[in-house]
Amino acid sequence: MGSEHTAKAFDTDLQELTRLVAEMGGIAERMIVESVDALIRRDVPLGQRVVAIDTELDALQKRIEERAVLTIARRQPMAVDLREIVGAMRVATDLERIGDLAKNMGKRVAALETDFHPLKLFRGLEHMTDLVQQQVKSVLDAYAAHDLPAAMAVWKGDEEVDAICTSLFRELLTYMMEDPRNISFCIHLMFCAKNIERIGDHATNIAETVFYMIEGQAITDKRPKGDMTTFANTVPNT
């Protein structure tokens, strides 16, 4: 009876962790979309809302961490059960970092006060965001469903995002060389494109966590990456 009660209690704890991760995922997805919408529409209040929402994400990550540590202390899980808890903490960490990257883009909206509005660049940024947001959604669905093939599809799909990022950087460099007045604007967009690319990297991290939870080991294959320009690689992660 005691072991059955412990198993039920552990399942309850795990369900709560999974629910909190799903809540975090929903907020992170919204932040990605709204931060880029704010950039493209120069919507400063929307950018400020994205910055404010980040505190919710931070609080949820803290709750997940505390709940996970408490569950480990109380239930002393082994093998696959322990990997479930470690997996929830890892995913929460990646989602918190995704929120930080979206928040950074939200903060940049106010700096884009200019008449320069290159549609081609914004379309590229939107396309890149759509791809990354879909990656995040797909990998969170894969995490919730323990769907390894779906997680691996996200893991292998990172190259397309890298290719768009490289193309955007080249376009931005062209605009800066054509007119020095565009430099400040283009540098802000470069940081935003780099942030979106980094969000894609965090989706790939979550895919690797799903692999670890199911297989009990890390992926040994080299992570697929697109051919990033040297300049793109010099932009620091902010």
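**Residue environments and overall fold**

A38 is buried, its relative accessible area being 0% (buried means under 20% relative accessible area, exposed over 50%, and partly exposed in between, with a 1.4 Å probe and protein chains only). The structure is a predicted model, in which local features need pLDDT of at least 70 and side-chain atom pairs count only at pLDDT 80 or more, whereas totals for chains, interfaces and linings use all residues. Residues are numbered from 1 along each chain as its sequence is written, and side-chain values use heavy atoms, with hydrogens and water left out.

The chain contains eight helices and zero strands (DSSP runs numbered from the N terminus, helices being H or I of at least four residues and strands E of at least two). Read from the N terminus, the order of elements is α-α-α-α-α-α-α-α. The radius of gyration is 20 Å, which agrees with the value near 18 Å for a compact globule of 238 residues (taken over C-alpha atoms, with the globule rule being 2.2 Å times the number of residues to the power 0.38). The C-alpha trace spans about 75 × 40 × 25 Å along its principal axes. Of the 238 residues, 50% count as buried. Among contacts between residues at least 6 apart in sequence, 85% join residues at least 24 apart (contact means heavy atoms within 4.5 Å).

The exposed area of the chain is about 11600 Å², of which carbon and sulfur atoms supply 53% (Shrake-Rupley method with a 1.4 Å probe; for residues, only the protein chains shown count as cover). There are 28 positive and 38 negative side chains, and the centres of the two sets lie 2 Å apart. In this count Lys and Arg are positive and Asp and Glu negative, while His and the chain ends are not counted; the place of a charge is NZ of Lys, CZ of Arg, CG of Asp or CD of Glu.

Several buried positions belong to helices α1 and α2. A38 lies in helix α1 and, apart from residues up to four places away in sequence, touches D43, L46, G47 and V109. The C-alpha atoms of A38 and R108 are 9.5 Å apart, with the two positions 70 residues apart along the chain. S35 is also placed in helix α1, which covers residues 2-41, and counts as buried at 0% relative accessibility. With residues up to four places away in sequence not counted, S35 touches V50, A102, M105 and G106. S35 and A102 are 67 residues apart along the chain, and their C-alpha atoms are separated by 5.8 Å.

V50 is located in helix α2 and is buried, with a relative accessible area of 0%. The residues that V50 touches, not counting those up to four places away in sequence, are M31, E34, S35, A102 and K103. The C-alpha atoms of V50 and G200 lie 19 Å apart in space, the two residues being 150 apart in sequence. D54, likewise in helix α2, is buried at a relative accessible area of 2%. Leaving aside neighbours within four places in sequence, the contacts of D54 are M31, G99, D100 and K103. M31 is thus in contact with both V50 and D54.

Helix α6 (residues 158-178) has 21 residues and reaches 31 Å from first to last C-alpha, close to the expected 30 Å at 1.5 Å a residue (the expected span is 1.5 Å times one less than the number of residues). Its buried residues are D158, V161, D162, I164, C165, T166, L168, F169, L172, Y175 and M176. L131, in helix α4, touches E160, V161 and I164 when residues up to four places away in sequence are not counted. L131 counts as partly exposed at 21% relative accessibility. The C-alpha atoms of L131 and R90, 41 residues apart along the chain, are separated by 22 Å.

Two loop residues have an unusual backbone angle in view of the general rule. Most residues other than glycine have a negative phi. Q76, which is not a glycine, has a positive phi of about 45°. Q76 is placed in the loop between α2 (44-75) and α3 (79-108) and counts as exposed at 62% relative accessibility. H146, also a residue other than glycine, has a positive phi near 55°. H146 is found in the loop between α4 (119-145) and α5 (148-156) and, at 37% relative accessibility, counts as partly exposed.
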